[in-house]
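Trainee: I have just opened this one and would like to go through it with you. Could we start with the open spaces and then move on to the charged contacts?

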Amino acid sequence: MDGDQSGAQSGDTEEYGPFGRPLFDDPKAKALSRVGTIDVGSNSVRLVVFDGAARSPAYFYNEKIMAGLGADMRETGRLSVEGRARALAALKRFALLCKGMNVSPISAVATAAVRDAEDGPDFCEEVARETGINLWVASGNEEARLSAQGVFLGWPEAQGMMCDIGGSSMELAEIGKGVVGKRVTSELGPLKLMGMKGGYDARKKVIDDTMDGLREDMPNAYKTIYLVGGSWRALARLDMERRGYPLKVLHEYRMTPKSVLRTVKWIRGKSVAELRAITGNSEARMRLVPIAAQVLKSLIQRFKPAALATSSYGIREGLLYEQMPFELKRRDPLIEACRWDEAKNARIPGFGRQLHKFIEPIFGKVKHDRARLIRAACLLHDVSWRAHPDYRAEVCFDNATRANLGGLDHQGRIFLGVALLHRYKNSRDGTHLQELFDLLSERQLRDAEILGKAMRFGAMFSVERPELMGRLTWQPKKRVLTLKLHPETKGLFGEVAQARFSSLASSLGADVVVT
């Protein structure tokens with residue numbers, strides 16, 4: 001597997017390499033073992049309980065009520081009477097659920113509707129009195145900061161602009177190098193825009209005029225805009241369906257401005273019922289999508305990004321990120337999640353690091369993005385071993401492509417999935433996954449196959465005695481793969497091991513030497 005030679009891993013003498021020692025036993029990390037967050041928005045009220053100290057945490061519990069707190073704000077300046085009752089009932093339930101899950105304290109934030117409503121302070125007092133939950137009412141700038149931190153939870157290297165759309169507001173924030181920069185807020189929430197007199201044309205003028213002001217406040221060039229919020233996710237799902245895109249994972253789904261504008265036009269020709277049938281989203285969500293589409297069109301026309309990336313992480317994940325110790329924030333979310341999975345589910349926890357060390361000579365000095373995928377694959381190589389042998393390869397593929405993993409784009413997911421498929425199966429022919437394979441280039445598929453076959457050989461060669469694994473050497477120019485055996489390991493190189501080694505060599509197009 002020649003090419004991609006940048007030396008990202010060279011010169012590192014630490015035992016655990018550039019990814020660092022696991023932090024699962026660190027007291028600061030253990031303090032995050034179960035964290036409850038509540039987001040009281042203009043349209044929805046949601047409880048998320050995160051479990052595990054991994055940098056890419058698991059969602060232990062997740063419940064949402066479309067309360068519509070801000071539904072009447074334009075007409076009355078107050079919270080919706082029905083929405084207020086539904087939100088309070090949901091918060092009472094959430095408080096009891098958190099007590100049952102031993103989640104304490106709860107981080108609870110309220111955003112635009114409660115912030116702007118005349119009776120917002122009264123609602124907060126009632127919530128505290130009835131549930132014991134103290135709502136922190138975030139300003140527009142604070143809301144933008146938290147949502148941007150949620151983006152960093154999934155993408156530590158995110159660079160560009162975050163755009164968070166809620167029911168009653170829309171926030172923008174500059175992000176880069178782990179820092180949240182300038183932030184602005186606006187009233188471009190679809191729930192607030194919905195009740196405008198004058199219909200589409202009047203709404204368009206308000207949106208465009210407001211967006212012009214936002215562009216003046218945020219004058220820089222932003223190559224990527226990270227989209228946060230339920231309305232953006234619903235739009236992204238519709239873009240997937242219009243395009244026939246095969247991987248239905250919203251997080252890190254990337255769209256071009258051209259594709260989005262086509263989808264916006266496509267949405268205008270469909271009813272809310274038709275949109276619901278396509279996505280399965282609630283009516284309360286889907287009736288906001290055509291208005292959100294107007295906002296997004298105006299955003300694209302003024303900010304002119306090269307790409308738009310969908311984020312499943314937002315204000316709730318930002319609340320979690322804020323509580324993380326600095327050393328945990330710095331970690332790679334993909335590697336930490338894979339370590340956590342290996343520790344919980346592998347037959348031999350810890351062997352992934354030894355496997356990585358054994359096969360690493362095949363890949364040379366690869367770029368960092370590829371190096372982390374190789375490391376992740378080795379950590380995950382055996383976490384699905386309990387699956388039925390006839391389906392294990394496809395289960396591995398599904399786990400990689402659909403798992404809750406941060407710091408991983410769609411091509412990375414499929415690369416990881418193909419590598420893990422080949423960990424258990426020589427050929428990928430005859431599966432139902434071809435449309436997903438088509439998202440990778442032939443070169444990427446070949447490299448993933450080589451990685452999978454290297455793991456397939458290395459994982460069974462000595463099972464759990466890494467000191468007996470021998471040493472691999474790869475000469476890409478001469479196309480020679482050498483296996484140097486320890487004097488005590490000759491007996492391990494039996495028929496099955498030889499067959500797997502030959503399969504690896506075949507994928508490399510290599511001659512083999514065994515010494």
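Mentor: Let us begin with the second largest pocket, which is lined by 27 residues, and of these Arg46, Asn62, Arg233, Leu250 and Ser312 lie nearest its centre. Please keep in mind throughout that this is a predicted model.

Trainee: What volume does the second largest pocket have?

Mentor: The volume of the second largest pocket comes to about 560 Å³.

Trainee: And which helices and strands supply at least two residues of its lining?

Mentor: Two strands, β2 (45-51) and β3 (58-65), and two helices, α9 (230-243) and α14 (315-323), each supply at least two residues of the lining of the second largest pocket. The largest share of that lining comes from α9, which gives four residues.

Trainee: How does the lining of the second largest pocket split by class?

Mentor: Sorted by class, the lining of the second largest pocket has nine nonpolar, eight polar and 10 charged residues.

Trainee: OK, now the largest pocket: how much space lies in it?

Mentor: In the largest pocket there is about 1,000 Å³ of space. Its lining is made up of 37 residues, and Glu157, Asp332, Asp369, Arg372 and Gly407 are the ones that lie nearest the centre.

Trainee: Which element gives the largest share of the lining there?

Mentor: That is α18, with five residues of the lining of the largest pocket. The elements that each supply at least two residues are α15 (326-329), α16 (333-345), α18 (368-380) and α20 (410-424). By class, this lining has 15 nonpolar, eight polar and 14 charged residues.

Trainee: Switching to closed spaces, how many cavities of 30 Å³ or more does the structure hold?

Mentor: The structure holds five cavities of 30 Å³ or more, and the largest cavity has a volume of about 330 Å³. Among the 28 residues that line the largest cavity, Asp39, Ser44, Ile165, Gly166 and Gly230 are the closest to its centre.

Trainee: Which elements supply at least two residues of that lining?

Mentor: For the largest cavity they are α6 (140-154), β6 (160-165), α9 and α14. Here α9 gives the largest share of the lining, three residues, and α9 also gives the largest share of the lining of the second largest pocket. By class, the lining of the largest cavity has seven nonpolar, 14 polar and seven charged residues.

Trainee: What about the second largest cavity, which residues line it?

Mentor: The second largest cavity is lined by Tyr200, Lys204, Ile207, Asp208, Gln294, Lys297, Ser298 and Gln301. The elements that give two or more residues to this lining are α8 (199-217) and α13 (289-303). The second largest cavity has a volume of about 60 Å³, and by class its lining has two nonpolar, three polar and three charged residues.

Trainee: Let's change topic to the charged contacts. How many salt bridges are found in the whole structure?

Mentor: A search of the whole structure finds 33 salt bridges. One of them joins Arg84 to Asp122, with the closest N and O atoms 2.5 Å apart. Arg84 lies in helix α3 (residues 81-100) and Asp122 in helix α5 (residues 120-131), so this pair ties together parts that are 38 residues apart in sequence.

Trainee: Is Arg84 buried or exposed?

Mentor: Arg84 is buried, because its relative accessible area is 14% and buried means under 20%. Its partner Asp122 is partly exposed, with a relative accessible area of 40%.

Trainee: Which residue does Asp382 form a salt bridge with?

Mentor: Asp382 forms a salt bridge with Arg423, and the closest N and O atoms of that pair are 3.8 Å apart. Since Asp382 lies in the loop between α18 and α19 (392-402) and Arg423 in helix α20, the pair ties together parts that are 41 residues apart in sequence. Asp382 is buried, with a relative accessible area of 5%, and Arg423 also counts as buried, at 6% relative accessibility.

Trainee: And which residues do salt bridges that share partners join into one network?

Mentor: That network joins Arg78, Arg84, Glu118, Asp119, Asp122 and Glu126.

Trainee: One last pair: how far apart are the closest N and O atoms of Arg254 and Glu252?

Mentor: In the salt bridge between Arg254 and Glu252, the closest N and O atoms are 3.1 Å apart. Arg254 is partly exposed, with a relative accessible area of 36%, whereas Glu252 is buried, with a relative accessible area of 5%.

Methods:
Residues numbered from 1 in each chain as written. Predicted model: local features only at pLDDT ≥ 70, side-chain atom pairs only at ≥ 80, totals over all residues. Heavy atoms only, no water. 1 Å grid on protein atoms, 1.4 Å probe; cavity = no way out; pocket = protein on both sides within 12 Å on 5 of 7 lines; lining within 4 Å. Points joined across faces, edges and corners; volume = space filled by probe spheres on them. Nonpolar A, V, L, I, M, F, W, Y, C, P; charged D, E, K, R; others polar. Salt bridge = Lys/Arg side-chain N within 4 Å of Asp/Glu carboxyl O. Buried < 20%, exposed > 50% of the residue type's maximum accessible area, 1.4 Å probe, protein only.
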